[in-house]
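User: I would like a close look at one part of this protein, followed outward into its wider setting. Please take your time and keep the account connected.

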Amino acid sequence: MKNTISERIADFLKNYPPFNAMESEQLEKLSIEVVIIHKETNTIVFSQNENPHDHFYVVNKGAVSLSKVGSSQILDICDEGDVFGLRPLLAQEKYKLEAKAYEETILYAIPIKEFKPLALENKRIGNFLIESFASNTGNPYSIKHRGKLYGINEDAERYSTNKILDLQPIKYSKDLITCAENASIKEIADIMTKHNVSSILVEKEQLPVGIITDKDLRKKVATGQYPITESARTIMSSPIITYPKELTLAQSQMAMMKSNISHLVLTEDGTTETPAVGILSKHDIMVAVGNNPAVLLRAIKRAATAKRLRSIRHGTMNLLQGYLEQNIPLGLVSKIISELNDASTKQVIQLALAKMEREPPVKFTWLSMGSQGRGEQLLNTDQDNAIIFEDVADEKLEETRSYFLKLGERISKSLNTIGFEYCPANMMASNPSWCQSLSEWKKITAHWIHNPGPDEILLSSIFFDYSVVFGEKLLADELSHSIFGHANRYPQFFTHLASGALQNPSPSGFFRDFLVEQDGEHKDFFDLKLRALMPIIDAARVLILSHSIKSINNTAGRYEKLAELEPNNKELYLACSYASKALLKFRTRQGLLHNDSGRYIALDKLNKEEKIKLKRTFKTIKEIQSLIEVRFQVKNLLR
C-alpha cells in the first residue's frame, strides 16, 4: 500500500527549491523520512545558540519568524515553501537566530542525514544552497562560507563554473629578459639575439619603465634614426602599459587591440608600481579563433557605418547570453561587455568626426556616465554622456560649442541606431547643458556641490561615475581634481550626498513583501533599478568618495575596496559587492528574457527560487543604508 502522506509531502516539496531539482524517485524516498510538526503561535522551533537538530525545516502552512534574542526586530519571516535552519546543520555550528512560529504553523522536518548526499551530488541543489540558504550570510559565494556550508577544505575545492575557452587564464613567459635604461642599443640587440626573444623589458629599480621590441629596432635603428650607441631610453616605448597577471585569453586579445600593441607587460597588481612577472606577445595568443570578444572587437573597429555596428551589437548580446548560461562570474562578464560597449562608442565617435566639415577646433573629451561609466551597462539601456572641450576666448565660445553640439547630435543619433536609447532626461552631449568648456564645467559642478538641493545632488553624483571613452583624458582629470577639491572643502556635501542615497524607496514592505508600483504604465510591477540597484549603487558612491578614492567607479569594485579600507565592516561590504552583482545579473537575465531593459519585473512571472534570491539582497540593502545614515548623520540634516 502506498504511503499517501509521503506522497502529499512530495507533491508539496516538488514545487519549491531546492527540492524541485530532485529526481522523482529521490524526492519520494526523502519524503518518506519527513516528520510533520505542528506549532502554535509564539512557540519556539529552535533557540539561539542551541545545538542544531537532526532536521532542517520547510514551512508547509503558516509562518516562522527569525530574530536575535534580546532584540524586538524580526530579521526575517519564512512563509510557505521557505527553508530555514539548514546552514547550522551543514556547517556544524549552533543556531545564530531564534525561530518562532509567527502564527499557527505546520512544518516539514527534513532529515539532514538523507538530504546532504543529494546536495553534494546534485549541482543545481548545491548552487541554490550556496546562493540562498536561510542564514545570516550576506556573501554566500565567499570561500569561507562555502567551505563551512559543505564541510570541505577551502584549498581543495573552489567554486567553479563551466569554463569557456576564451575565459581561460592566459599562459605567459615568466623568463623575463631585462635591461637597464642606460644599456646601449647594441647591447640590447645582442641580448635579444642570444635569448631569441622579440622583446626586452627596461627596468629602473626593479620596476618596469619601458619595453623595446623587434619593431622598435627595425623602425628606429635600422632606418638610421638612432645609432646603436644610444641608450635604451631613447627608443623604448614608455610609459609602459601594464596588466595584472590573471589576464584571460579574451582580455589579452582586447588589450592588444585596444592599445594597438603587440606585447603586454604583466605585473603583480597590474600597475607599474609592482615588479613585472611576465611578458605576453601577440604570437602567444594567435591561436585564439572563433566568435569571441576579440573577434567582436576587431569587427567593431572595422565597422564603417552605424548599421554595421548595430548588427555587431547583436553578437555582443549573444555573447552575453552565452556567458550567463555558462554561469561565468559577473565581474568578468561586466569587464568584457564594457570593453565592447566602449569600443562601439569610440567607433561611433570616429565615424561622426569623419563626417564633420572640419577638424575639432580644440581638444575635447567624451564622457560616458551612469551605468556605462561604472562598467555596469550590460543591456542596451539609455544614453548618459557629456562633452568637455578646451577653454577658448569668450568671443569663440559659442562658435566652438556649436561645433561640438553638432558632433554630439551625430554621435547620440548613431548610438541610438546601434541600440542605446535616448536619455529620457536629455542628459546627453547633444544638449547644450551637457556640452561645456572645462571652465564652465568647473563652475557648474562647484555650484552643485556648494548648493546641494535634490536636483544638484542628483546631477553632481552623475559626475562621480563617468569614464573617458574618447579624447583628451587630461581634461577629465582636471575636472575631477576640481570636483574633489570643492567636495573636500565642503564636507557637508557628503551628508547631502548620503541623504540623496537614502531617497530611493525600500525594496520590501512589512515582512518582506515586495513593494510594487501603485499606478502608471508599470502598475503592480517591481522596479528593480529604483528599489534595489540604485540604493546599493548610491551607498557605494558616497562611501568610497568619503575616503577620497577617485579611480574606482564600478559598484562591486568600490565595495571590495571599502572592505580593505574598513576591516571592521568587511563582511557587510563584501555582502554588498555580492548583492550588487547578483542584482545586476538578475536584471540582465530578465532584460534578455523579455527583450527590454530588465528594470520592471512582473512578480507573477518569477518562480519561488528567483524570489528567494532577490529577497536575499534586501537585508543587505537595509544594512548599508543604516550604516550611511548613522555615519553621515543624515537625520541631523533633516532637523
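Please begin with Gly278: which strand holds Gly278, is Gly278 buried or exposed, and which residues does Gly278 touch?

Analyst: The model is a predicted one, and all that follows should be read with that in mind. Gly278 belongs to strand E14, which runs over residues 276-281. Its relative accessible area is 0%, and because a residue counts as buried when that value is under 20%, Gly278 is buried. Leaving out residues up to four places away in sequence, Gly278 touches Tyr172, Ser173 and Leu176 on the one hand, and Leu264, Val265 and Leu266 on the other. A further spatial relation concerns Lys245, which is 33 residues from Gly278 in sequence, while the two C-alpha atoms lie 7.6 Å apart.

Ser199 makes a useful companion to this site. Ser199 lies in strand E10, residues 199-204, and it is buried, with a relative accessible area of 8%. Its contacts, again setting aside neighbours within four places in sequence, are Met192, Ile211, Ile212, Thr213, His263 and Ile279. Among these is Ile279, a position that falls within the span 276-281 of strand E14, where Gly278 is also found.

These two sites belong to a protein chain with 24 helices and 20 strands. Of its 639 residues, 52% are buried, Gly278 being one of the buried residues. As for how contacts are spread along the sequence, if one takes those between residues at least 6 apart, 71% of them join residues at least 24 apart.

From here one can turn to the aromatic side chains. A pair of aromatic rings is described by the distance of the centres and the angle of the planes. A search of the whole structure yields 26 aromatic pairs. In one of them, Phe12 and Tyr16, the ring centres are 4.9 Å apart and the planes meet at 45°, so this pair is classed as tilted. Phe12 and Tyr16 are both buried. Another pair is formed by Phe46 and Tyr95, whose ring centres are 3.7 Å apart with planes at 10°, and this pair is therefore stacked. Phe46 sits in strand E2 (residues 44-46), whereas Tyr95 sits in the loop between helix H3 (87-91) and strand E7 (98-101), so the pair ties together parts that are 49 residues apart in sequence. Here too, Phe46 and Tyr95 are each buried. Elsewhere, Phe364, Phe389, Tyr403, Phe404 and Phe470 form one aromatic cluster, and at Phe484 the ring has the charged end of Lys550 sitting over it, 5.2 Å from the ring centre.

The backbone deserves a similar look. Most residues other than glycine have a negative phi, and most peptide bonds are trans. The peptide bond from Pro17 to Pro18 is cis, with omega near 0°, and Pro18 lies in the loop between helix H1 (4-13) and helix H2 (24-32). A cis peptide bond also joins Ser238 and Pro239, with omega about 0°, and Pro239 is placed in the loop between helix H9 (232-235) and strand E12 (242-244). As for phi, Asn42 is not a glycine and yet has a positive value of about 70°. Asn42 lies in the loop between strand E1 (35-39) and E2, and at 55% relative accessibility it counts as exposed. Asn49, likewise not a glycine, has a positive phi of about 70°; this residue is found in the loop between E2 and strand E3 (55-61), and its relative accessibility of 52% means that Asn49 counts as exposed. Strand E2 is thus flanked by loops that hold Asn42 and Asn49, while Phe46, within the strand itself, is buried.

Finally, there is enclosed space to consider. The count comes to three cavities of 30 Å³ or more. The second largest cavity holds about 100 Å³ of space, and its lining consists of 13 residues, with Gln372, Gln377, Gln383, Asp384 and Asn385 lying nearest its centre. The elements giving two or more residues to this lining are strand E15 (364-368) and helix H14 (370-373). By character, the lining of the second largest cavity divides into four nonpolar, seven polar and two charged residues.

Note on methods
Residues numbered from 1 in each chain as written. Predicted model: local features only at pLDDT ≥ 70, side-chain atom pairs only at ≥ 80, totals over all residues. Heavy atoms only, no water. Helix = DSSP H or I, 4+ residues; strand = E, 2+ residues; numbered from the N terminus. Buried < 20%, exposed > 50% of the residue type's maximum accessible area, 1.4 Å probe, protein only. Contact = heavy atoms within 4.5 Å. 1 Å grid on protein atoms, 1.4 Å probe; cavity = no way out; pocket = protein on both sides within 12 Å on 5 of 7 lines; lining within 4 Å. Points joined across faces, edges and corners; volume = space filled by probe spheres on them. Nonpolar A, V, L, I, M, F, W, Y, C, P; charged D, E, K, R; others polar. Phe/Tyr/Trp six-rings, centres within 6.5 Å; stacked < 30°, edge-to-face > 60°. Lys NZ or Arg CZ within 6 Å of the ring centre and 35° of its normal.
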